[in-house]
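Hi everyone, thanks for coming along. I'd like to walk you through one structure today, so please have a look at the screen.

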Amino acid sequence: MKFRKWWCLFWTVCMFLIYGFAVHAETGEEEKNLTAAPYFFIQDGDPSIDRLPLKGTEVKTNINGIIAETYVTQTYANEGERPINASYVFPASTKVAVHGMTMQIGDQRITAVIKEKEEAKEEYEEAKSEGKSASLLEEKHSNVFTMDVANVMPGDTIRIELHYTEMVESSEGTCSFVFPTVVGPRYAGVLEEGQAEEGEWVETPYLEEGVSPDSEYQIAVNVSTGVPIADLRCDTHEVNVEWKKNSEAKVTLADSGDFVGNRDFILEYEMSGEEVQSGLMLYEGEEENFFLLTMQPPERYEPKDILPREYIFILDVSGSMEGYPLDTAKELIRNMVGNLRSTDCFNLFLFSDIVSEMSLQSLAATEENIKCAMDLIDMQEGGGGTELAAALDCALATPAKEEMARNVVVITDGYIYDEETIFRQVREQQGEADFFAFGIGSSVNRSLMEGIAAVGMGEAFVVTEEEEAKETAERFRTYIEAPILTDIQVSFDGFDVYDTEPSAVPTLFAEKPVVLFGKWRGEPDGTVRISGKSGSEDYVQELKVSDTSPTEENEAIRYLWARKKVEALTAYGYATVDDHTKEEITSIGLDYSMMTPYTSFVAVLDTVRNPDGSSMDVDQPSPLPKGVSEYAIGGYLFGAEPGEGLLAAMALLGAGTCFLKKRRRKRCG
């Protein structure tokens, strides 16, 4: 057996050397031009140019019930001697509806206008070339935005204020407000020609590991729940809590001396003795009326029989996972694999630039096979790029086990660019498998995690600390074995509704409310009925519409509906958006004054402030997310080639490997 393993290692290394030579030999200038990648910021020593123009970010959020209104103020200043044009890549929650922006220079305050993306870009570039100060806000991904500020003159201070709305998520009786502070470095690989321009934002600078920017970061959240708050906590940051009464609190960052803008700010709170209640919120507008429905599911039932299941684990071991993220992922998967039932089967796939599989088919969850998987996991060190699409190809090609429900579990930080390909792959497997996404790290790409879960009819989890791994693995097993509610249907009797989102409610794995947005006509009357299956029992819940009156305070629902509609039209990117759909999304953005992939905010100060037009383009660098090592930039360990450690580990254990090149793979070993 020992001879066989070393022989396998010998041939694997030989194949790797051949593969590596071929890649280096065939990479031409044309391919390099289509490659987007983040890079490290280097101060060039020219004191006349301010290359760090973002001086501060201030966040103010008001949470009333289940709706959060947030104002983000970015302050840019030019402390150099030459005019600059500043560009900045920053994140937001995947659920936000950005519907307002202003720009202030001195005493002059300009309200930005929403326009079609190309028109807004042209207006900004024209103002820039004419020497006018201007700002442009664009959506690059559902949770990634860029801010461009033109003609920031020496001595200028420019404040950009963004206004957006989102719904606070509730699960297992806990409400969670998440404010992302930094975009993690994305792995893009080689982009197709059509992707090159839209993927330019990936080429953004980062400060070296452990280096924090000089800019200030302030966050303040006012929470008002209407019922007593039993517990309020922030495990990601040190905070001060000022209680106004038992249902209202103000949360601010403590002055810990620690830079706070390198990880998600996560505020969690629970209601006293009760969860978010079922209810209906109504808004009556001049032209359209909107509603927001939340209905609580039943308590989780205890299954009499637990069906055997097949688990396909896909673990990210790329460069950005090196260190604490990979250690956390290892602990998570140990808990999941180590507690499989004897009636289950599983397979394990590890990926970076290459994809390696534990077996050509899923194996019985025996003590020996589980130990083999554990040994394989323990040998991993982060290195290489993040080729998740190829890993999914490899994993989903594994023959499914008959008479078993297949569950695909993806464990990654999500630092990839091409999310659309992933969602298409998952969409193609609908009905064949349920997908569960585990985001690992302090600044997870939640867009990818939530998209995989939504398209794959599963659930998304985020693990920020290694200590959470065991509890999260246990929650996952509970969700799989006993879904809360299946076959969910929502009907309306005597209440004239239309344009409801989502159009179909997926299986509820977690104890969280069913949420539905829509429009209504006529009088707010009738009954809303939700039905489904709780185990083998029928479940029905009803609400009387007449018990609720429309209020002006619920205006935010119109933006939440519009955001949900755009999300449905783009379908998490699983399908190419045709011209008709693009026009519909653009129309929604213009009608509701809201950011979309095809509408942008632009503000122009109609005064020529830089007559000669000479200015320097400056890209504001971001800090690396907390816990993410420098291997995320470039992806490789020092002196190591793509997947080198992974190849050796898989060969020693006699496992299979897929070599990747331009998304084509060759089975080997």
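Let me begin with a cut-off: a residue counts as buried when its relative accessible area is under 20%. C234, at 12% relative accessibility, therefore falls in the buried class. C175 is buried too, with a relative accessible area of 3%. And how many disulfides does a search of the whole structure find? Zero. Do keep in mind that this is a predicted model.

Now, on to the sheet. It is an open one, with eight strands and mixed pairing, and its order reads β6-β5-β10-β3-β2-β14-β17-β16. At the edges you'll find β6, residues 108-111, and β16, residues 239-245. Each of those has a single partner strand, so one side of each is left without a neighbour in the sheet. On average, neighbouring strands here are turned by 15° against each other, ignoring direction.

Let's zoom in on one pair. Strand β14, residues 216-224, runs antiparallel to β17, residues 248-253, and five bridges join them. If you want one to look for, A220 has T252 in β17 as its bridge partner.

Finally, two helices. Helix α5 covers residues 324-337 and helix α6 covers residues 367-378; their axes come within 10 Å and cross at roughly 180°. The cut-off for roughly antiparallel is over 145 degrees, so α5 and α6 are roughly antiparallel to each other. Who meets whom there? From α5 we have K330, I333, R334 and V337, and from α6 I370, A373, M374, I377 and D378. Sorted by type, the residues of this α5 and α6 contact are six nonpolar, three charged and no polar.

Notes:
Residues are numbered from 1 along each chain as its sequence is written. This is a predicted model: local features need pLDDT of at least 70, side-chain atom pairs count only at pLDDT 80 or more; totals for chains, interfaces and linings use all residues. Side-chain values use heavy atoms; hydrogens and water are left out. Two strands pair if DSSP finds at least two bridges between them. Helices (H or I, at least four residues) and strands (E, at least two) are DSSP runs, numbered from the N terminus. Axes are lines fitted to C-alpha atoms, for helices over the stretch in contact, and angles run from 0 to 180 degrees between N-to-C directions. Angles under 35 degrees count as roughly parallel, over 145 as roughly antiparallel, 65 to 115 as roughly perpendicular and the rest as oblique. Contact means heavy atoms within 4.5 Å. Ala, Val, Leu, Ile, Met, Phe, Trp, Tyr, Cys and Pro count as nonpolar, Asp, Glu, Lys and Arg as charged, and the others, Gly among them, as polar. A disulfide is a pair of cysteine sulfur atoms within 2.5 Å. Buried means under 20% relative accessible area, exposed over 50%, partly exposed in between (1.4 Å probe, protein chains only).
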